[in-house]
Every structure is written in C-alpha cells, then in structure tokens.
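Open the model in your viewer and keep the selection tool at hand. Each stop below says what to select and what is there.

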Amino acid sequence: MKCPKCRTTDLTPTKIEDGLPVMGCPGCEGASLSLLYYRDWAERNEPVEQSDHFDADVTVENDAKTALSCPKCSKLMTKYSVSSEHKNRIDLCGFCDEAWLDGSEWTLLKSLELAHKLPKVFTDQWQRKVRDEKMESKKVDRLKRLVGESDTAKAVEVRDWLKNHERKLAIVQFIGSE
C-alpha cells in the first residue's frame, strides 16, 4: 500500500497506541487506521483522563487539503471536520472503513478527548454541530469588527439571556421599536 498523501512512499506496519496497529508513512507520518482494529482497541481500552499538563492546544498544520485516495481500495475518501476550532479533517473511506490520520492528528484527537469516540466524528450530527459552531464563530467575529470587543460581549450576553426567555418576543419587539 502506498501513502495517499505522499503517493510514492510505501506504508509500513506500526502502532499509534499500544494495541492499535496502523499502516504508517515514514515520510509524512500519516497513518491508515482500520476502523475494525480501532473498534476492537476502543472496546479493550478505557479512555485515559487527560492530565493538567497535557497540551490542549495541539494543532496539525499538515492536514491534506486535497481529496485522498484510500490506500486500501483506491476510492476517494471523504473529509470530516474534527472540531470548529481546528482546521483538521479526518479522511474516511466509506467502502472499506479505513481512516487516514495526517501527521499528529491522533494526538489532536486525544487532546480533544475524541480518541475513544472517533466514529462520532463521521456522523451527520457531529458534522452539523461543527458547521453550526463555525458559523456562530464567524458571526461573532464579524460583529467584533463592526462594533468592537466590549459591545460584542454585551450583545452575546443579551442574546444568550434572551434565547430561552419566556417573554423573548415582547423584549425583542421593544428593542426593535427604537
């Protein structure tokens, strides 16, 4: 099997975690992870609680930007966003259940406490949540550019207060009548 990112480098057997075998690329340090092996590993291993000294700001800059071909079956893989705060996307082959992890994306998954929840990342519900969070972040950033940090904080606070208020409509109507 060839690395889907480097395209010429042969993948070699390795482990990203004790008892979790992958086919790794010595060039880009990516890994082809069989979800069959992953599920077996996840069932046999309890999630490890993150210690205070673990770096929660792990970022992976070498995320593959283009579509990748599955190293196992050569079909195109689908990209799934990990979180709204990170640009990284996990590639998944829907035909043979292989995931491609770029560089240190496994470390990123562990820092986000997703290492034992990887299949959730591939659900429509997860992807919708990530898109909604990204859209919210863009709206808040736009408001900051228009009115400044302090006023944005106040507007967000008022919006959050209004969100489930029983008399929301009356309050919004009053504010809009100005």
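The tour goes from a strand hairpin to the nonpolar cores, then to a helix and the salt bridges.

**Before you start**

This is a predicted model: local features need pLDDT of at least 70, side-chain atom pairs count only at pLDDT 80 or more, and totals for chains, interfaces and linings use all residues. Residues are numbered from 1 along each chain as its sequence is written, and side-chain values use heavy atoms, with hydrogens and water left out. Helices (H or I, at least four residues) and strands (E, at least two) are DSSP runs, numbered from the N terminus.

**Stop 1: strand S5 and its neighbours**

Select strand S5, residues 89-93. Four of its five residues are buried, so S5 is largely enclosed by the rest of the structure. Buried means under 20% relative accessible area, exposed over 50%, and partly exposed in between (1.4 Å probe, protein chains only).

Add S4, residues 78-81. S4 and S5 pair in the antiparallel sense over four bridges; strands pair if DSSP finds at least two bridges between them. Find Thr78, which stands opposite Leu92 in S5.

Now add S6, residues 98-101. S5 and S6 are also paired in the antiparallel sense, over three bridges. Here Asp91 stands opposite Trp100 in S6.

**Stop 2: the turn at Asp97**

S5 and S6 form a hairpin with four residues between them. Select Asp97 in that turn. Its phi is positive, near 60 degrees, although Asp97 is not a glycine. Most residues other than glycine have a negative phi.

What does the side chain of Asp97 meet in a salt bridge? Select Arg39: the N to O distance is 2.9 Å. A salt bridge is a side-chain nitrogen of Lys or Arg within 4 Å of a carboxyl oxygen of Asp or Glu. Arg39 lies in helix H1 (residues 35-44) and Asp97 in the loop between S5 and S6, so the pair ties together parts that are 58 residues apart in sequence. Arg39 is partly exposed at 36% relative accessible area; Asp97 is partly exposed at 30%.

For another positive phi, go to Glu29, where the value is near 65 degrees. Glu29 sits in the loop between strand S2 (20-24) and strand S3 (31-34). It is exposed, at 59% relative accessibility.

**Stop 3: the nonpolar cores**

Select Tyr38, Trp106, Leu109 and Phe122. These have the most contacts inside the largest nonpolar core, which has 22 residues. A nonpolar core is a set of buried Ala, Val, Leu, Ile, Met, Phe, Trp, Tyr and Cys residues joined through side-chain atoms within 4.5 Å. S2, S3, H1, S5, S6, H2, H3 and H4 each supply at least two residues of this core. H1 gives the most, with three.

Centre on Trp106. Residues it touches include Ile16, Leu20, Tyr38, Trp41 and Leu101, not counting residues up to four places away in sequence. Contact means heavy atoms within 4.5 Å.

Then look for a second, separate core of ten residues, among them Leu11, Cys70, Met77 and Cys96.

**Stop 4: helix H4**

Select residues 124-147, helix H4. The expected span of a helix is 1.5 Å times one less than its number of residues. For the 24 residues of H4 that should be 34 Å, and the end C-alpha atoms are 34 Å apart, which agrees.

Which residues of H4 are buried? They are Trp126, Gln127, Val130 and Val140. Show what covers them: strand S4, helix H3 (118-121) and helix H5 (149-163) are included. Step on to Gly148, which follows H4 and has a positive phi near 95 degrees.

**Stop 5: more salt bridges**

The whole structure has eleven salt bridges. Select Asp102 and Lys5, whose closest N and O atoms are 3.8 Å apart. Asp102 lies in the loop between S6 and helix H2 (105-111) and Lys5 in the segment before strand S1 (12-17), so the pair ties together parts that are 97 residues apart in sequence. Asp102 is buried at 0% relative accessibility, whereas Lys5 is partly exposed at 26%.

Next, select Glu149 and Lys144, bridged at 3.6 Å. Glu149 is exposed at 56%, and Lys144 is partly exposed at 30%. Finish with Glu136, Arg159, Asp160 and Lys163, joined into one network by salt bridges that share partners.
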